[in-house]
Amino acid sequence: MHPGLVRTAQQALSFSRQIHHPCRRSPLTCLSSAARHDIQAVAMTSTSTDFKEYLFGPWKIDSDEVFTTSQHCFAFVNLKPVVPGHVLVSPKRVVARFAELDSAEVADLWCLVQRVGSAIEPYFGAQSLTLAIQDGPCAGQTVPHVHVHILPRRAGDFERNDEVYDAIDAASKDAASAHKGEHLDLDKERSVRTPAEMAAEAAQLRTLFN
Ligand code: AMP
């Protein structure tokens with residue numbers, strides 16, 4: 001097993017205690033950004049202020065797991081973080097590939113990534129950030145919905161810095177297996193987090209953005 005993954009999964013656990021898809025454009029991309037957003041808002045159980053739940057590819061993300069939003073994007077906690085504070089930022093519109101975002105969404109996505117990264121880096125006692133997008137299945141993307149991984153990084157958190165990418169890959173595969181109901185290793189550190197653990201972390205992070 002990946003040594004970096006074991007170590008950081010333990011950190012993530014202790015912190016929580018205190019598709020394959022085609023590379024083609026979705027049919028919704030022929031609509032204007034506003035029209036697509038309206039359609040997806042209805043599909044996503046909207047409220048007057050924001051969504052009650054969001055879609056992350058095929059998965060529903062409960063608003064309890066979302067800790068801040070922007071006009072076009074939302075930031076949410078990770079089912080299988082590889083370091084404490086490993087979170088995700090996605091556009092509200094479900095599109096698989098970065099190239100499918102329009103310019104307003106691109107700008108909004110990166111502004112939210114910057115805002116989230118700036119808040120969580122000190123919160124997790126980190127001194128750096130890894131920002132990563134796996135843009136398409138051949139690049140390791142397991143959820144067909146654009147998402148930026150934000151990982152607070154600390155000196156020595158991985159033996160070799162780039163091991164973080166192997167850890168992201170392994171954890172993403174574990175999350176995909178969990179979604180399919182496949183049995184993960186009996187080793188507890190490889191299990192995914194519970195909704196209650198994720199909601200508790202999101203509640204803590206929400207306080208950074210109010
Ligand atoms: P990637 O391999 O780049 O597509 O990354 C997928 C990411 O999504 C991984 O970090 C997974 O742990 C995470 N993930 C998968 N399903 C969920 C979910 N339902 N809620 C939160 N994070 C998830």
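In the predicted model, 48% of the 210 residues of the protein chain count as buried. The protein chain exposes about 10,100 Å², and 55% of this area is supplied by carbon and sulfur atoms.

The secondary structure of the protein chain consists of five helices and seven strands. Along the sequence, these elements follow the pattern α-α-β-β-β-β-β-α-β-β-α-α. Two helices thus open the pattern, and two helices close it.

Strand 1, formed by residues 53–56, and strand 2, formed by residues 59–62, run antiparallel. Four bridges join strand 1 to strand 2. Across this pairing, Tyr-54 stands opposite Ile-61 of strand 2. The two strands form a hairpin with two residues between them. In this hairpin, Gly-57 adopts a positive phi near 60°.

In soluble globular proteins, nonpolar side chains tend to be buried together. The largest nonpolar core of the model contains 24 residues. Within this core, the residues with the most contacts are Phe-67, Val-89, Val-116 and Ile-150. At least two core residues come from each of the following elements: strand 4 (73–77), strand 5 (87–91), helix 3 (103–123), strand 7 (148–153) and helix 5 (195–206). The greatest contribution is that of helix 3, which gives six residues to the core.

The surroundings of Phe-67 were examined with its neighbours within four places in sequence left aside. On this basis, Phe-67 is in contact with Ala-75, Phe-76, Val-77 and Val-87. Its contacts also include Val-116, one of the residues with the most contacts inside the core. Further along the sequence, Phe-67 is in contact with Ala-202, Leu-205, Arg-206 and Phe-209.

The model also contains a ligand, with 20 residues around it. Of these residues, Asn-78, Thr-142, His-147, His-149 and His-179 come nearest to the ligand. Polar atoms of Asn-78, Leu-79 and His-179 were then considered in turn. For Asn-78, a polar side-chain atom lies 2.6 Å from an oxygen atom of the ligand. For Leu-79, a backbone N or O atom is placed 3.1 Å from a nitrogen atom of the ligand. For His-179, the distance from a polar side-chain atom to a nitrogen atom of the ligand is 2.8 Å. On its own, the ligand has 500 Å² of accessible area, and the protein covers 98% of this area.

Methods. Residues numbered from 1 in each chain as written. Predicted model: local features only at pLDDT ≥ 70, side-chain atom pairs only at ≥ 80, totals over all residues. Heavy atoms only, no water. Core = buried A, V, L, I, M, F, W, Y, C linked by side-chain atoms within 4.5 Å. Buried < 20%, exposed > 50% of the residue type's maximum accessible area, 1.4 Å probe, protein only. Contact = heavy atoms within 4.5 Å. Near = heavy atom within 4 Å. Polar contact = N/O pair within 3.5 Å; in protein donor to acceptor, adjacent residues only side chain to side chain. Areas by Shrake-Rupley, 256 points an atom, 1.4 Å probe, with all protein chains shown as cover. Pairing = 2+ DSSP bridges.
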